[in-house]
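Colleague: I am new to this structure, and I would like a close look at a single part of it. Please start with one loop, and go on from there to the surface that faces the RNA.

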Amino acid sequence: DWDRSFRTSDPRYYRWTQWLFLQFFKAGLAYRDEVAINWCPKCKTGLANEEVVNGRHERCGTLVEKRLLKQWLFKITKYADRLIDGLADVDYPSRIADQQINWIGRSVGAEIDFVVAEHSTKITVFTTRADTIFSAAFMVLAPEHPLVAKITTKPQRAAVDAYVEQSQSKTDLERQAEDDKEKTGVFTGAYAINPANDERIPIWIGDFVLAGYGTGAIFGDIHDERDFEFLTRYDIPARVTVLPENEQEAAKVKAKEYPYTREGVLIDSGEFSGQRSEVARDKIIAWLSQKGAAREKVNYRLRDWVFSRQHYWGEPIPIIHCPEHGVVAVPDDQLPVELPEVENYEPTDTGESPLAAITDWVNTTCPVCGEPAKRETDTMPNWAGSSWYYLRYYDAHNDKEFAARNKLDYWGAVDMYLGGMEHTTLHLLYSRFWHQFLYDQGLVPTPEPYQARRGQGIILAADNTKMSKSKGNVTNPTELIEAGYGADALRLAIAFLAPYDQTTPWNPNGINGTKRFLNRVWSLVQEQVAAAKNPPAIAEQDSELALASAIHKALKKVSVDLEEFGFNTAIAAMMECVNELYLLKTTLPLGSKVWGENLQLLVQMLAPFAPHIAEELWQQLGGEGSVHVSTWPEFDPKLVHDKLVTIVVQVNGKLRGQFEAATDATEASVVKMAQEDKKVAPHLTGKKIVKTIY
RNA sequence: GGGCGAGUGGUGAAAUGGUAGACACGCUAGCCUUAGGAGCUAGUGGGGGAAACCCCGUGGAGGUUCAAGUCCUCUCUCGCCCACCA
């Protein structure tokens, strides 16, 4: 419906994107914080975690750097559980749901406090293996951990400072240890007290510990592969507290031959010795909690969503900074905050948006006090406008609300949402988050935006890599159409290529087949239309029945396959049907009313796949109105069943013969026919039939 | 290292546990045509055979079953996603 079209870059649209942002802001879910964010030096902007793939910006492939910047963030982590649980109520393919669950990375464990010896400070660590607490041999802080400077002893200061500086200059990719690269760290000189057994353990810093996950600190022991590697390298004494039940294996574990990371039986763990580790885990957390040194904690791999961009192109974040009143929302009646006209929209390298240079735009007044204030100059990411666009289709031109409630109620959730797999942890996740928030605010009627989701497969180039403009391996559809194939043949070729959700290479010759098929349909109808001027006198009932049967069998297959996205097999069924019609027309002359009616059914089936040719043929066959608004035909169950069925006979599991039998033949008669079949009989002579399966 | 998925002809692919390779591409031969990069007909998994027909065959090894591409166990390979996430 073209009356409902709009652009997300149009101020009449992004006015509401800004308004929705302010709802997040007012609910405390959009906040400003100074964080080490991913920075793309080429695009000169900050990025969300989701936009960094293998240490590179997913758009341009540039190696991402870390920068400490004051940024707008969305508290998507608050919705982590909802984003997981909501998947149970929608129809998504499991690989999409699994990927989102995996991305959110829910991890249940505990936070445990270690007191720093000779200090009053505590360091909190996160662990999923509280049962191994008695084996804690050392502690490691991320280089960015706020306590590093405070606890480092004088003799170690120089080494620690050097290490911190070195880690900060590394990109994420460089910090990631590859297989041959060893973990590095440096001792702070300080010690922590293990709350379980009061042992002193050394505190190290190491860049394999991530500042952004958990508490940025861990305790290390022999029951973790990374920790094992670290303690081996730096010769830190360690103790085994979990043993496998297998005695031989347990001996090797005791000898510290390798890190034992699975569940087992606790030893050397105070009152918990002798218990199964998975049972002891919760008890130890409870025990430490009583002492005030631990609490249950769930962590997520998901990070809060960095929402600021330092681009000109983006919706301005509708915020005013007032020296007196701080961060103030732009009042609704002053929306939209439009992008100013500029000479130069190139990004700067300062971490500031190019908007910051436009003083007469930046300088404004505070909506609260009317005193001079400055506009926020960061803009929103491309994901902002796309996070709610589907709602705007319900009420595309409303200038009072983002969409009227009665229209939202009427349309409800999106029934079927098609899109690429690459959106799974970007747009699809983001828009579910927005929608869940809007639902909580009472602004939309459904808890989830999309009832069902399907991901289409990617068509690869002939070289088996993804078609992309930058690689220049793209087959341009326009060229095929200009080469005389037509849009219908192209649509069919794409749909026929492979199952809808499958990634598959483009076969440049496939379109020959679909064009040939359409030509055959076309010719058949032309013959019919011409012959109908002098209809044949004789009609043969058996052939007419065979004709209807061929059509209805295809109709059944197409009807079922359409619902299941089985487009390739639906098209195959129509091809099969047309092949059969070509055989039939030799015994049943074209031109009859029966032919006309059945060909109309064929054209109706074809219409969703080849809309243009179907419309033309529909009119040639005398169809009323447009084929595309005609009622989808129902297949006749009586016609899809054959009168004869092929019976296949196996003897001792081997295929020995086949014959045709009437569909309504009795079991006894079919068994008799099978035994008497001239190919089957020789395999039975001189043998006793033990069992017959019909 | 973790998660998910997939391995079937020369190619893309079909196949509620019941005739493996539907449908198509490509190829071969023939027909038709002034011509074919059009159309039509026939053939096209491998091996054997004059033929009827027989044997083998869905990455590999086992298993369940009257019957396995399909179910189970182990294993190899490839693809996608995530990844020092404690």
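Modeller: The loop between β6 (106-116) and β7 holds E118, where helices (H or I, at least four residues) and strands (E, at least two) are DSSP runs, numbered from the N terminus. The model is predicted, so local features need pLDDT of at least 70 and side-chain atom pairs count only at pLDDT 80 or more, while totals for chains, interfaces and linings use all residues. Residues are numbered from 1 along each chain as its sequence is written, chains are lettered from A and ligands numbered from 1 in the order in which they are written, and side-chain values use heavy atoms, with hydrogens and water left out.

E118 has a phi near 65 degrees, which is a positive value in a residue other than glycine. With a relative accessibility of 67%, E118 counts as exposed, a word kept for values over 50%, whereas buried means under 20% and partly exposed lies in between (1.4 Å probe, protein chains only). A positive phi, near 55 degrees, is also found at D268, again a residue other than glycine. D268 belongs to the loop between β13 (265-266) and α9 (277-290), and its relative accessibility of 43% makes it partly exposed. Helix α9 includes S277, which is buried, with a relative accessible area of 0%. S277 touches R129, D131, V242, E263, G264 and L266, residues up to four places away in sequence not being counted; here contact means heavy atoms within 4.5 Å.

From these loops we can turn to the RNA. Around RNA strand B there are 51 residues, of which K183, R226, P499, T504 and R516 come nearest; a residue is near a molecule or strand if one of its heavy atoms lies within 4 Å of it. Seen from the RNA side, 66% of the atoms of strand B within 4 Å of the protein belong to sugar or phosphate, and the rest to bases. Three side chains can be followed to the phosphates: a polar side-chain atom of R301 lies 3.0 Å from a phosphate oxygen of RNA strand B, an N or O atom in the side chain of K654 is 3.3 Å from a phosphate oxygen of that strand, and for a polar side-chain atom of K679 the distance to a phosphate oxygen of RNA strand B is 3.0 Å. Two or more residues each are given to the surface near RNA strand B by α3 (94-104), β7 (122-127), α16 (486-497), α17 (510-531), α19 (567-584), β24 (644-651) and β25 (654-662), which brings us back to β7, the strand that follows the loop of E118. The largest share, six residues, comes from α19. By type, the residues of this surface divide into 18 nonpolar, 19 polar and 14 charged, where Ala, Val, Leu, Ile, Met, Phe, Trp, Tyr, Cys and Pro count as nonpolar, Asp, Glu, Lys and Arg as charged, and the others, Gly among them, as polar.

One further loop deserves a look. P336 is found in the loop between β17 and α10 (359-362), and the peptide bond that joins L335 and P336 is cis, with omega about 0 degrees.

Key
Polar contact = N/O pair within 3.5 Å; in protein donor to acceptor, adjacent residues only side chain to side chain.
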